[in-house]
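Colleague: I have just opened this model and would love a close look at a single part of it. Could you pick one helix and walk me through its surroundings, with a little context on the rest of the chain?

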Amino acid sequence: MGKAGLPVSPLAPARFPDLPVIAGIDFASAAAGVKYQGRTDVTLIRIAPGSTVAGAFTRSSTRAACVLDNQAKLAAGGDAPQGAAIVINSGNANAFTGARGQESVDAVTGAVASALDLPRGRVFSSSTGVIGEPLPHDRIVAVIGDLVAGLDAGGVAGAAQAIMTTDTFPKGASAVVEAEGGQVRIAGIAKGSGMIAPDMATMLVYLFTDARVPADLLQQALSSGLDATFNAITVDSDTSTSDALILAATGQAEAAPITDLGTDTGRAFVSALHGVMRDLAHQVVRDGEGATKFVEVAVTGAASDADAHMVAMAIANSPLVKTAIAGQDANWGRIVAAVGKSGAEADRDRLRISFGDMVLAENGWRAPGYDEAAASAYMTNQDLRIGVDLGLGSGARTVWTCDLTHGYIDINADYRS
């Protein structure tokens, strides 16, 4: 069972991965009773002095207080000469809570800053859970001492567990880069299951590396990977108020500093970072609330990349498409309808639709070799690929989604109870 008592997603990996220890990063988790008793629900992450920090956040106009606070702090720069920290709670989003929201952020980050002897401006916070309920920040403050005492470089798995809400499995990913002078390690954890739609970031994600990277290049490396990873997934088309991605680089690897992302080492680092981001993004979709299918939607031949994205997301977010997938129904007509409503340039007579390697429709009509039985058999797979070629240009985009089952209704109908 997952943290919230839900059955583990059938799309879950076999186990939580063995993540490398990132020198300069320590984790601790505790049960503060923010919403539920008997669950770890607060995580503290200590980031060593001399680190740099980058981030990306939801663009929701109803952003939570912690998101606004983080954005303001990072706007002042990403250097952390005295170190930094991240404190995260699950069970309560501290969103739409008026002035009390910032008061809670100040109370929690202030307690961490005092306990770790850090500038308040280098303590970042995240809250995830129910919207509109005041955060009982005194419960979090009460366990800060225990969290500090429990900080451990090997505590990443516990942290991944503690940040979960309706997630059914903890999410982690890592990579090792052979760099000039030695190896560079990257590790990350994420939470996300529902209220997932691309507008960066659509979940909580924390990434760590021992690379030595200036703050501006770290932000550039992170930002350049968003559109093909966290901005290319959707579970339900709803963007959260509280989403955040924070990346910290401790500079404690033996490898030479990365001062140019265009060098071989710089490109290898960026590629590995984006690979970890993509892995975590896929895991979020695989844990979509009630999901039984992982679906790749690949659009090619669009007039522009922007048009390709519009078409891909129209398909990935369509309740008709998603319920057909849940029912294992090869109803490619719903793909046609989604393309038509997307707002992107399209020509009926140039459209080609495929499921896996099977072309189902082309040239404005059902494909001559269409086989309903084969298409239906393909839909029984857990991992599916929908291909759409618009036949208009070179624009392309791939996004990932899941099916829409009654399980999604069950989870969200009872979310506040």
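Modeller: Gladly! A word on the term domain before we start: the domain bounds used here come from an automatic or database domain assignment. This is a predicted model, and its protein chain is divided into domain 1, residues 25-287, and domain 2, residues 294-414. Taken over C-alpha atoms, the centres of the two domains are 33 Å apart. Across the boundary, 15 residues of domain 1 are in contact with 15 residues of domain 2.

Let's zoom in on helix 2, which covers residues 99-116. Its 18 residues, at 1.5 Å a residue, should span 26 Å, and the end C-alpha atoms are indeed 26 Å apart, so expectation and model agree.

The sheet beside this helix is a good place to go next. It is an open sheet of four strands in the order 1-2-5-6, and its pairing is mixed. Strand 1 (25-30) and strand 6 (123-130) form the edges, each pairing on one side only. Ignoring direction, neighbouring strands of the sheet are turned by 15° against each other on average. Look also at strand 5, residues 84-92, which pairs with strand 6 in the parallel sense over eight bridges. Within this part of the sheet, Gly91 stands opposite Gly129 of strand 6.

Now put the helix back on the sheet. Helix 2 lies across strand 2 (42-47), strand 5 and strand 6, and runs at about 140° to strand 6. Its buried residues include Gly101, Ser104, Val105 and Val108. Further along, Thr109, Gly110, Ala111, Val112, Ala113 and Leu116 are also among the buried residues of helix 2. The cover over these buried positions includes strand 2, strand 5 and strand 6, together with helix 1 (65-75), helix 3 (137-142) and helix 4 (144-149).

Just after helix 2 you reach Asp117, which takes a positive phi of about 55°. That deserves a second glance, because most residues other than glycine have a negative phi. Asp117 sits in the loop between helix 2 and strand 6. Its relative accessible area is 66%, so Asp117 counts as exposed, the cut-off being over 50%.

If you'd like another residue to set beside it, try Gln328, which also is not a glycine and has a positive phi of about 60°. Gln328 is found in the loop between helix 9 (319-326) and helix 10 (333-341). With a relative accessibility of 35%, Gln328 counts as partly exposed.

One last stop is a loop residue with a buried setting. Thr250 belongs to the loop between strand 10 (244-249) and helix 7 (264-286). Its relative accessible area is 4%, so Thr250 is buried. Leaving aside residues up to four places away in sequence, Thr250 touches Ala23, Gly24, Ile25, Gly50, Ser51, Thr209, Asp210 and Ala211. Among these, Ala23 also offers its backbone oxygen, which the side chain of Thr250 reaches at 2.7 Å. For a sense of distance, the C-alpha atoms of Thr250 and Ile131 are separated by 33 Å, with their positions 119 residues apart along the chain.

Conventions
Residues are numbered from 1 along each chain as its sequence is written. This is a predicted model: local features need pLDDT of at least 70, side-chain atom pairs count only at pLDDT 80 or more; totals for chains, interfaces and linings use all residues. Side-chain values use heavy atoms; hydrogens and water are left out. Helices (H or I, at least four residues) and strands (E, at least two) are DSSP runs, numbered from the N terminus. Buried means under 20% relative accessible area, exposed over 50%, partly exposed in between (1.4 Å probe, protein chains only). Contact means heavy atoms within 4.5 Å. A polar contact is a pair of N or O atoms within 3.5 Å; within protein, one must be able to donate a hydrogen and the other to accept it, and residues adjacent in sequence count only if both atoms are side-chain atoms. Two strands pair if DSSP finds at least two bridges between them. Axes are lines fitted to C-alpha atoms, for helices over the stretch in contact, and angles run from 0 to 180 degrees between N-to-C directions. The expected span of a helix is 1.5 Å times one less than its number of residues.
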